[in-house]
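Visitor: Could you take me through one part of this model closely, setting out how its helices pack and how its charged side chains pair?

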Amino acid sequence: MEVLKDLEFNIQENMEDELVQQALMKGIDLREYSKEIEDQLNDIEQASISDYLKESSNIASLHGQIVSCDSVLERMESMLEGFQLHLGNISSEIHALQQQSMQMNIKLKNRQAVRGELSQYIDELIVSEAMINHILETKVTEREFLEQLHELNQKINFVKEQSFKDSRSVHDVHGVIDKLKFKAVAKIREFCLTKINLFKKPLANYQITQNALLKFKFYFEFIACQAPQVAREVRDEYIDTMAKVYISYFKAYATKLMKLQVERVAGKEDLLGVDDTNRSKGFFSKPSVKQKSSTFTLGHRGDVLTAHLESPAVVPHTASKDDRKFSYEQLFRSIQFTLLDNACREYLFLSDFFMLSGAAAAEMFNAILGKTLDILLKEIDCHVKETYDAISLFICVQLVNKYQLMASERRVPALMKYFDAVLGLLQPRFEFVFFQHIHSVQTCDTQKLGQVDLQPHFISRRYAELCAAIIALNEQSENDQAVRLLSQLELEMQTWLLKMAAEFSHRKDQLVFLINNYDMILSVVAEHTSSESHHMDTFKSLLTSRTEEYVEEVLAPYFGGIMAFVKEAENRLEQDRAGDYAKHEQKISQLIRGFNADWKKAIDSINADIMRSFTNFKSGTQILQTALTQLIQFYHRLQKVMSQPPFRNWPIKNDLINIHNIMVEVKKHKFTF
């Protein structure tokens with residue numbers, strides 16, 4: 001079966017042949033076609049044989065050449081096999097050499113590492129001739145000495161480190177290095193003590209010496225590490241010397257400055273409520289002439305907080321030669337600014353030269369300046385116990401706050417405790433003096449103040465100047481206690497002004513007195529403070545209410561009847577009871593005729609009255625305009641009332657003056673003040 005399948009497959013394959021398919025398509029007999037093909041093949045075979053016979057010699061020659069090439073190729077094969085064997089030997093040799101190279105490279109690296117470590121070790125141990133000569137012979141101020149000292153310090157530390165490792169090689173140089181160290185320490189000690197002794201010279205500028213020491217601050221670092229006892233000796237000598245220098249300087253400076261203070265210092269007689277106008281003047285009594293910088297006036301005293309905050313300190317002998325005098329706050333500023341400047345520089349020097357920080361720096365700073373600060377605190381305490389100048393005390397408080405901030409910006413915390421102590425003296429005294437001002441107003445006997453007129457009282461003037469000064473100073477740095485004290489004093493002044501106003505029998509005089517004082521207080525405070533200040537809002541409200549009441553009072557004698565009629569008529573018109581006025585027509589007509597006859601004279605009289613009563617022209621103008629405006633408003637209301645029944649049928653309605661005539665007359669008085 002398999003044979004049949006193969007036969008069938010071959011037949012099918014032959015049928016797909018192109019030549020067979022062409023023969024079938026032409027209708028040729030396959031047997032004849034096969035025989036024809038076979039004959040063609042035989043012809044071709046015979047032709048090929050004849051061709052081979054013709055080329056037999058060439059074929060034989062080709063055969064010889066092939067045999068010859070074959071032998072050549074055999075020799076080449078043997079040669080290549082020899083080359084292959086030789087190359088295999090070379091590869092093994094190269095591999096062996098590579099292994100040897102890697103081993104040699106590792107050995108080289110190890111030797112180089114050992115050589116580097118050993119060279120560094122030897123360099124650290126070797127003491128050069130140049131080092132010995134510079135340490136022994138060169139001055140400490142020379143750069144070469146400083147360079148060799150750095151190198152010596154490294155060698156000392158290296159020898160110490162190797163000694164802990166029991167290295168025997170360090171014993172060879174240990175003695176030489178110790179001798180050089182002792183010599184360097186001795187020279188540095190002598191140098192530092194010599195420089196410190198320069199501080200003791202009179203009029204010496206110790207800042208120059210400090211700057212010179214800072215150039216060689218490594219010297220102290222060296223002895224601090226290599227000779228702690230010598231470093232302690234140098235530090236103690238510096239502390240002792242500088243403590244004496246600062247005590248002597250600031251004690252003398254403060255003493256000389258205090259001699260430049262103005263002779264008159266505010267005392268108990270300079271409180272708000274104390275009357276010094278009638279003080280007895282005996283033969284031995286001192287005149288009560290006040291200095292220009294009054295106890296109650298700020299003036300230019302506040303400049304120490306702004307323009308002169310960091311001005312150069314006062315030079316006593318120069319000021320004395322020019323016969324100049326200063327207020328206490330100016331002298332206080334000079335001392336505190338000088339202290340701040342010197343203390344900040346000293347603290348930074350200690351931190352830099354002695355390598356201190358935090359508590360250690362503060363401790364050494366206090367050891368040097370502690371006694372000086374105590375002396376200054378005692379001087380401040382002696383002054384504040386005697387003074388009653390609240391403005392001066394408050395300026396000093398603000399100065400301390402500003403200098404405290406400057407010390408913080410300069411990163412010198414060591415002064416904070418001192419400034420807190422100064423504030424502990426100034427702030428309570430300021431509050432005490434201010435309470436004394438308040439108490440003096442509370443206990444002020446109005447009967448002992450003599451004749452009182454309508455003009456602003458001198459106590460009100462004092463109060464205005466004092467408040468303006470405190471408010472202006474407080475705008476720079478808010479002090480909550482000062483604000484509370486001002487509020488208390490304000491209440492007492494309001495009460496006192498009411499007591500003083502009660503001395504007048506007529507209400508209009510009382511109002512004039514109050515308005516004059518309120519206006520003066522507000523004007524003074526506004527002149528010295530910013531427009532955003534709200535400390536005087538109560539006085540503004542009082543001034544407005546008293547002005548409105550005064551306007552009613554000043555209009556009443558001339559137009560009181562008309563004003564009362566208008567108010568009453570408006571109420572009755574609202575209640576629909578205007579008919580009740582029919583029987584009062586004659587009386588109301590007389591009021592209107594009287595107004596028509598006298599209104600111009602009345603305006604002139606009101607104008608003259610206000611001119612006499614008020615000292616502030618601007619305020620007087622405003623009050624006059626308010627009064628005349630209110631008059632016009634009442635007259636307008638009168639016309640409106642007279643246009644309502646039953647008034648509109650009255651003959652007197654036709655006699656009403658045109659309101660424009662009144663307005664023209666009012667405008668004549670607009671620029672009176």
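Guide: What follows looks at helix H20 and its contact with helix H22, and then turns to salt bridges there and elsewhere. This is a predicted model, in which local features need pLDDT of at least 70 and side-chain atom pairs count only at pLDDT 80 or more, while totals for chains, interfaces and linings use all residues. Residues are numbered from 1 along each chain as its sequence is written, and side-chain values use heavy atoms, with hydrogens and water left out.

Helix H20 covers residues 585-613 and packs against helix H22, residues 659-668, at an angle of about 15°, with the axes 10 Å apart; helices here are DSSP runs of H or I, at least four residues in length, numbered from the N terminus. The axes are lines fitted to C-alpha atoms over the stretch in contact, and angles between N-to-C directions run from 0 to 180 degrees. H20 and H22 are therefore roughly parallel to each other, a term for angles under 35 degrees. The crossing of H20 and H22 is right-handed, that is, the near helix is turned clockwise from the far one by less than a right angle.

On the H20 side, Phe 595, Trp 599, Lys 600 and Ile 603 meet Asn 661, Ile 662, Glu 665 and Val 666 of H22, where contact means heavy atoms within 4.5 Å. By class, this contact has five nonpolar, one polar and two charged residues.

Helix H20 also holds a salt bridge between the side chains of Asp 609 and Arg 612, at 3.7 Å from N to O; the term requires a side-chain nitrogen of Lys or Arg within 4 Å of a carboxyl oxygen of Asp or Glu. Asp 609 and Arg 612 lie three residues apart in H20, about one turn of the helix. Asp 609 counts as buried at 10% relative accessibility, whereas Arg 612 is exposed at 60% (buried means under 20% relative accessible area, exposed over 50%, and partly exposed in between, with a 1.4 Å probe and protein chains only).

A search of the whole structure finds 19 salt bridges. In helix H16, residues 458-474, Arg 461 and Glu 465 are four residues apart and thus separated by about one helical turn, and their closest N and O atoms are 3.4 Å apart in a salt bridge. Arg 461 is partly exposed at 40% relative accessibility, while Glu 465 is buried at 12%.

Note on methods: Helices (H or I, at least four residues) and strands (E, at least two) are DSSP runs, numbered from the N terminus. Angles under 35 degrees count as roughly parallel, over 145 as roughly antiparallel, 65 to 115 as roughly perpendicular and the rest as oblique. Ala, Val, Leu, Ile, Met, Phe, Trp, Tyr, Cys and Pro count as nonpolar, Asp, Glu, Lys and Arg as charged, and the others, Gly among them, as polar.
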